[in-house]
Amino acid sequence: MNVKIESNQPIPIKPKARKYPFLDELKVGQNVLCETAEDAYKIRDAMRYRKMRYTYRKSRDGWRVWYIGDTK
């Protein structure tokens, strides 16, 4: 077996596929409409992971999750 040892080679960065890519485009004051509470909780958890401040409420249409700013 031929092996070559090398130094100073950067580790390639893996592209990270996000589950909710639309959260990257969300602006402060905009909201996401979800059909079920479970969907709203998933969106909420994704926003919490991304350090986004949020609030959510039940509405006539379903559940809404608002983006209200970034955490410090």
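A polar contact is a pair of N or O atoms within 3.5 Å. Keep that in mind for this predicted model.

**Exercise 1.** Work out where R50 sits and what its side chain holds on to.

*Solution.*
- Start with the place: R50 is in the loop that links α1 (37-49) to β2 (52-58).
- Next, check burial. The cut-off for buried is under 20% relative accessible area, and R50 comes in at 18% relative accessibility, so it counts as buried.
- Now look for polar partners. The R50 side chain gets to the backbone oxygen of Y20 at 3.1 Å, and a 2.7 Å polar contact ties it to the side chain of D24.
- Finally, widen the search to contacts, skipping neighbours within four places in sequence: you pick up R18, Y20, L23 and D24.

**Exercise 2.** Find which residues of α1 are buried and what covers them.

*Solution.*
- Going along α1, the buried ones are A37, A40, I43, R44, A46 and M47.
- Residues three or four places apart in an α-helix point the same way, because there are 3.6 residues a turn.
- The cover over the buried residues of α1 includes β1 (31-34), β2 and β3 (63-70).
- Just past the helix comes K51, with a positive phi near 65°.

**Exercise 3.** Classify the ring pairs Y54–Y56 and Y56–W63.

*Solution.*
- For Y54 and Y56, the centres are 6.4 Å apart and the planes at 25°; that's under 30 degrees, so call the pair stacked.
- For Y56 and W63, the centres are also 6.4 Å apart, but the planes are at 45°, so this pair is tilted.
- Add burial: Y56 is partly exposed at 26%, while W63 is buried at 19%.
- Put together, Y41, Y54, Y56 and W63 make one aromatic cluster.

Conventions: Residues are numbered from 1 along each chain as its sequence is written. This is a predicted model: local features need pLDDT of at least 70, side-chain atom pairs count only at pLDDT 80 or more; totals for chains, interfaces and linings use all residues. Side-chain values use heavy atoms; hydrogens and water are left out. Helices (H or I, at least four residues) and strands (E, at least two) are DSSP runs, numbered from the N terminus. Buried means under 20% relative accessible area, exposed over 50%, partly exposed in between (1.4 Å probe, protein chains only). A polar contact is a pair of N or O atoms within 3.5 Å; within protein, one must be able to donate a hydrogen and the other to accept it, and residues adjacent in sequence count only if both atoms are side-chain atoms. Contact means heavy atoms within 4.5 Å. Rings of Phe, Tyr and Trp (its six-membered ring) pair if their centres lie within 6.5 Å; planes under 30 degrees apart count as stacked, over 60 as edge-to-face and the rest as tilted.
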